Amino acid sequence: MRSAAEHLAQVLALVAPPEPRVVPLAEALGEVAAMDVRATVALPPFDNSSMDGYAVRAADVAVATESAPVGLAVAGESAAGHPWSGTVGPGQAARIMTGAPMPAGADTVVPQERVAATAGTVLVDAPAPAGQFVRRQGEDARPGDLVVRAGTMLGPRHLAAAASSGVERLMVTRAPRVAYLVTGDELVAPGGSLAPGQIFDSNAVYLGAALRALGAEPVDLGSVGDRPEDVVAAVVRAVEAGADLVVTTGGASVGAHDPVKAGLAPAGVTFLNVAIQPGKPQGLGRVGGIPVVCLPGNPVAVAACVEVFVGPAVRVMRGVPEPAWEPRRALEAWRCPPGREQVMPVVIAADGVRPATAGGSGSHLAASLAAADGLARVRAAADEVAVGDIVAVRRFTA
């Protein structure tokens, strides 16, 4: 059997980011930056005041005291968007508003609440060191400085930073189009009526929602029965529609009615066993040049394989980093399948993790999966987890 790490490497080797696109800032929220965003101007673009007050020369008020305030003649006024073009000379001051450019000659600001103003004159009763309440040109960023790093999922603060840097449009990674297909004569859409031997289909609902949560554009290929030719036809439709990746569920094992394997193996998909539980039977390859990942059909196996294999593939295509698996302490003991890495649905508490259900990692426990917060991964060499053992844990990303 191929290890989970080896299989993931093969999955990631098949996928590539779609061609990026350029969008205006108003359409970039939630997108992923495809390239670094750099400042086109200095931020701030000029020295300006952080207070309402008076722009003065520090040397003129160096000896000011309460008992002997220094009187300065008000020579002009600088407001935001309306800078004063004059120069503050010796013995002078300029009225200044928050955000307004510092006038030439002045090197410090005295807040208005610290002065006594009369007609045409202002009295300053304490020294004001040079640079006080002055925002210096370029102190936030200089032209060419990195503002938003490539791979960043763009939120309001990133868009604001780009706007303040003079950037009007951003190059973003196009959301990958991931087509998905579920198979099985036994599947019935939720809300229908179950005949003997039939079950409600949860995989299509899960995959559509999971792919959307991962940032992909899901493309529902529908549910087909157990006819290999129907599987092939659905995948060919996805290829012709420009899908970047196709994910199938079910029919990938060695049973007599495994249509995915029967249909796609001749088309270029390799089917194999992966040393993971749940999720052992899988397929991987290309059809018409498009990557195809074939997952088992049991619902918990689908969820586990999306987290371990499909999610990382989507993140590679989007250009976003992979969330870390963190060490956590096991609060309960449980058994592990020998020779296979176990992916256990768990409840995550402040002091550790425990299995989400008494059924453990059973691949059929679709309803019980809702009780889990995430997954714990246990190495293939372990046959049990004891209380206090450390396991790798991550909350669901989809």
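**Exercise 1. Find how strand 2 and strand 14 (residues 169–173) pair, and then place them in their sheet.**

Start with the two strands: strand 2 and strand 14 run antiparallel to each other, and four bridges join them. Keep in mind that you're looking at a predicted model.

Next, pick out one residue from this pairing. Valine 22 sits across from methionine 171 of strand 14.

Now zoom out to the sheet. It's an open one made of three strands, in the order 2-14-3, with antiparallel pairing. The edges are strand 2 (21–24) and strand 3 (32–33), each of which pairs on one side only.

**Exercise 2. Work out whether each partner in the salt bridge of arginine 315 and glutamate 322 is buried or partly exposed.**

First, the contact: the side chains of arginine 315 and glutamate 322 form a salt bridge, at 2.6 Å from N to O.

Then compare each residue with the cut-off: buried means under 20% relative accessible area. Arginine 315 has 6%, so it is buried. Glutamate 322 has 37%, so it counts as partly exposed.

Finally, look around the pair. Glu307, Arg315, Glu322 and Arg394 are linked in a network of salt bridges. The count of salt bridges comes to 15.

**Exercise 3. Locate the partners of the salt bridge between arginine 354 and glutamate 332 along the chain.**

Begin with the distance: these side chains meet at 3.2 Å, N to O. Arginine 354 belongs to strand 26 (residues 352–355), while glutamate 332 is in the loop between strand 23 (326–329) and strand 24 (334–335). They're 22 residues apart, so the bridge links distant parts of the chain.

Now check accessibility. Arginine 354 is partly exposed at 30%, and glutamate 332 is partly exposed too, at 35%.

**Exercise 4. List what the side chain of arginine 377 does with glutamate 341 and with tryptophan 325.**

Take glutamate 341 to begin with. Arginine 377 makes a salt bridge with it, and the closest N and O atoms are 2.5 Å apart. Here strand 27 (residues 374–378) supplies arginine 377 and strand 25 (residues 341–349) supplies glutamate 341, 36 residues apart. Glutamate 341 is buried, at 15% relative accessibility.

Then turn to the ring: the charged end of arginine 377 sits over tryptophan 325, 5.0 Å from the ring centre.

**Exercise 5. Find what sits over the ring of tyrosine 54, and how many aromatic pairs the whole structure has.**

For tyrosine 54, look for arginine 95: its charged end sits over the ring, 5.3 Å from the centre. As for aromatic pairs, a search of the whole structure finds zero.

Definitions and conventions:
Residues are numbered from 1 along each chain as its sequence is written. This is a predicted model: local features need pLDDT of at least 70, side-chain atom pairs count only at pLDDT 80 or more; totals for chains, interfaces and linings use all residues. Side-chain values use heavy atoms; hydrogens and water are left out. Rings of Phe, Tyr and Trp (its six-membered ring) pair if their centres lie within 6.5 Å; planes under 30 degrees apart count as stacked, over 60 as edge-to-face and the rest as tilted. A charge sits over a ring if NZ of Lys or CZ of Arg is within 6 Å of the ring centre and within 35 degrees of the ring normal. Two strands pair if DSSP finds at least two bridges between them. A salt bridge is a side-chain nitrogen of Lys or Arg within 4 Å of a carboxyl oxygen of Asp or Glu. Buried means under 20% relative accessible area, exposed over 50%, partly exposed in between (1.4 Å probe, protein chains only).
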